[in-house]
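Here's a quick briefing to read alongside the model. Have the viewer open and follow along.

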Amino acid sequence: MKSGPDLPAGARRAHRRRGSLDPLEIVVISWRSIRSNVLRSALTTLGVVIGVAAVVALTAAGNGVNASVTERITSLGSNLLTVTGGGPARGTRVRGAPRDTITLGDAQAIRALNDPRIAGIAPQVQSNLAVKFGTSASYATVLGTWPDFQAVRNTEVAAGSFFTGADDTDARRVAVVGYQVAQDLFGGQSALGQRIRIGNLDFDVVGVLPDKGDSGFFNPNSQILVPLNTFVRRLHRNSPTGDPTLSSVYVQGARASELTGLQQDLTTLLANRHGKTDPSEYDFEIRNQADQLATLNSVTGTLTLFLGSIAGISLLVGGIGIMNIMLVSVTERTREIGVRKALGAKPRDILAQFLLEATMLSVGGGVLGIGAGVGLGRIAGHALQVPSRVMPQSILIAFLFAACVGIFFGFYPAQRAARLDPVESLRYE
Amino acid sequence: MSDAVVLLEAVRKAYRLADEPFWALNGVSFRVRRGEMMALMGPSGSGKTTLMHIIGLLDSPTDGRYLLNGEDVSHLSELDRAVLRNETIGFVFQAFHLLPRLSALENVETPLTYGGYPRRARRRKALEMLERVGLADKATSVPATLSGGQRQRVAVARALATEPTLLLADEPTGNLDTHTGNGIMRLFRALNDEGATILVVTHEAEIAAYTSRTVHVRDGLVEADEAHPPRSPASGPEGGQGWWHEERS
């Protein structure tokens, strides 16, 4: 030994950096051992890849459903209060069973409030009627409403224009036809200015609606919109009292924050008009779009959480896979551990080596899983016809969860490695 | 006492076998002087391996005292033993025990890595050690591509890397043919001539003959402790048949 004999051991040790293993060296050691068995490392990682991918893809699909439902509802108009006949669910009566209790008088009373919080009012009354043009005939949902309908129900006109307030006051026979109706009756021809027959009356087509898509429960493309007055005077079955009944009244609030107050005031107004004092006697119902959205969002949110949790379980299974392989690996490498200890590896060096190996496997799986999850989410979204919305939070959570899984399930095998008796492990065959 | 690298006083070691303690070592006392090259001999079951593990800080004595470089190390924690082992003990094993995935150079670097040496100092030191055992040209080879004698020389280089005060060789020629084994023993002689303190554990008298002192162990006790002249004068690098010219197999 060159410097050995003349320096006492204590002095030699004192001037040496008695530091521990450089953390970077542990990374190198762990990475080498992962690389030394590529197939096994890949298979071990696969469990986490699938778990993370499932979490990311399923939450993306869930959020896509949520977003698409929200979008569909708000596309029907925003900040809406819906007044319908019937009444809140109570006793054995099924909610929503319609009763014709809302009348044109109610709608006019709401309009007469001139409340600045109200941006628009669209009463609705409708009936399925036969329509004819020349030799072509079709059925359509004929809907009587006010011009506010255009703004309240978020309806564009593709060609021509919407009917006006004057059209309504004078009960003119003008109509705005849905895309499908126009197709059925006029084929490729322009519908504007044509005269069609609805029931027994002739109407002039003043506007055509754009293709709005079939939303499943009702098809806006097979609608014909006519002025409310025209409808109640010429197409409606008369109501017993002479005040024509409506199917619903849509009231659009100017601001979302005022919607609840407006809802209460309208409830009071209608209760007075209908002579009801006790809420349990109310023969109408005012639903708030924000409440409906909140309910729907909580349903889809629960669905997303549920899907995410199931996917989370697969991530857990992936973690157990890592633990399993790490335990095998520790046993297999008992002698290597013994040699490292003989060369001066401290228990914590061995612990760090194996813990890091497990963490690298799971974090690697997490990264690959996020990529796979985003891709899968797109495919699933395409298949389910919903947009896939990958949330950054779900990526972050899945990633952190994967890392934690690695640390959690890697700890026990690593500790076992660190605690191996050097004498025993050197002897291990 | 200052010249004693190892000082054992009445060291005993018990293993628990079916509740009955089995005394693998039953009061062993001897010293290893600085610069000495000695052999520890005994048949299997004599306790010589247990003794080597205790001297090498891989194990602790049940009772008795062990002074390493004058420092009492009988009851150190596992962590302290690991640090001290790294700094003062170099191991050479019968089965070489090289890390299979690392190159020769990286194998030699490993104890320096655990000692916290910076990368460049480590590399320089490891290369110097490989040169010392005549294997500088094999620095990038992995163990599987080296012959038995070359592997054992890498192991010797690795044992020397941290400049330990004691080199412990456990049956260093056990897995080698006689010719190659003799080459390794000549390497030890050469290192001893340069000042290294070396303890060789063996059951072969031929190997023990390379040293200048043999301690015989039997049934956990020192049976005999005899000084003797080494079998042949060390054929150092200048001797016609140097240790780096041996086998090609």
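**Briefing: sheet, interface and confidence**

In chain B, strand β3 (residues 37-41) and strand β9 (residues 213-218) pair in the parallel sense over four bridges; strands count as paired if DSSP finds at least two bridges between them. Helices (H or I, at least four residues) and strands (E, at least two) are DSSP runs, numbered from the N terminus. Bear in mind that this is a predicted model, where local features need pLDDT of at least 70, side-chain atom pairs count only at pLDDT 80 or more, and totals for chains, interfaces and linings use all residues. Residues are numbered from 1 along each chain as its sequence is written, while chains are lettered from A and ligands numbered from 1 in the order in which they are written.

**The sheet in chain B**

- Within the β3–β9 pair, Leu40(B) sits opposite Val215(B) of β9(B).
- The pair belongs to an open sheet of six strands with mixed pairing, in the order β6-β7-β8-β3-β9-β10 (chain B).
- β6 (89-92) and β10 (221-227) of chain B are the edge strands; each has a single partner strand, so one side of each has no neighbour in the sheet.
- From one strand to the next, the twist averages 20°.
- Helix α5 (residues 148-160) of chain B lies across β6 and β7 (166-170) of chain B, and runs at about 170° to β6(B). For such angles, axes are lines fitted to C-alpha atoms (for helices over the stretch in contact), and values run from 0 to 180 degrees between N-to-C directions.

**Where A meets B**

- 28 residues of chain A are in contact with 28 residues of chain B, contact meaning C-beta atoms, placed from the backbone, within 7 Å.
- On the chain A side, the elements giving two or more residues are α1 (9-15), α2 (23-35), α11 (334-342), α12 (347-384) and α14 (422-427).
- The largest share of that side, four residues, comes from α11(A).

**A loop residue in chain A**

- Asn219(A) is in the loop between β7 (201-208) and β8 (223-227) of chain A.
- Asn219(A) has 16 other C-beta atoms within 10 Å, so it rates as partly exposed (buried is 20 or more, exposed 12 or fewer, partly exposed in between, with C-beta atoms placed from the backbone).

**How far to trust it**

- The model scores ipTM 0.90 and pTM 0.73.
- Chain B has a mean pLDDT of 89, with 92% of its residues at 70 or more; pLDDT is the predictor's confidence in each residue, from 0 to 100.
- Over residues 233-249 of chain B, pLDDT stays under 50.
- Where pLDDT is low, don't read the predicted coordinates in detail.

Methods
Two residues are in contact if their C-beta atoms, placed from the backbone, lie within 7 Å.
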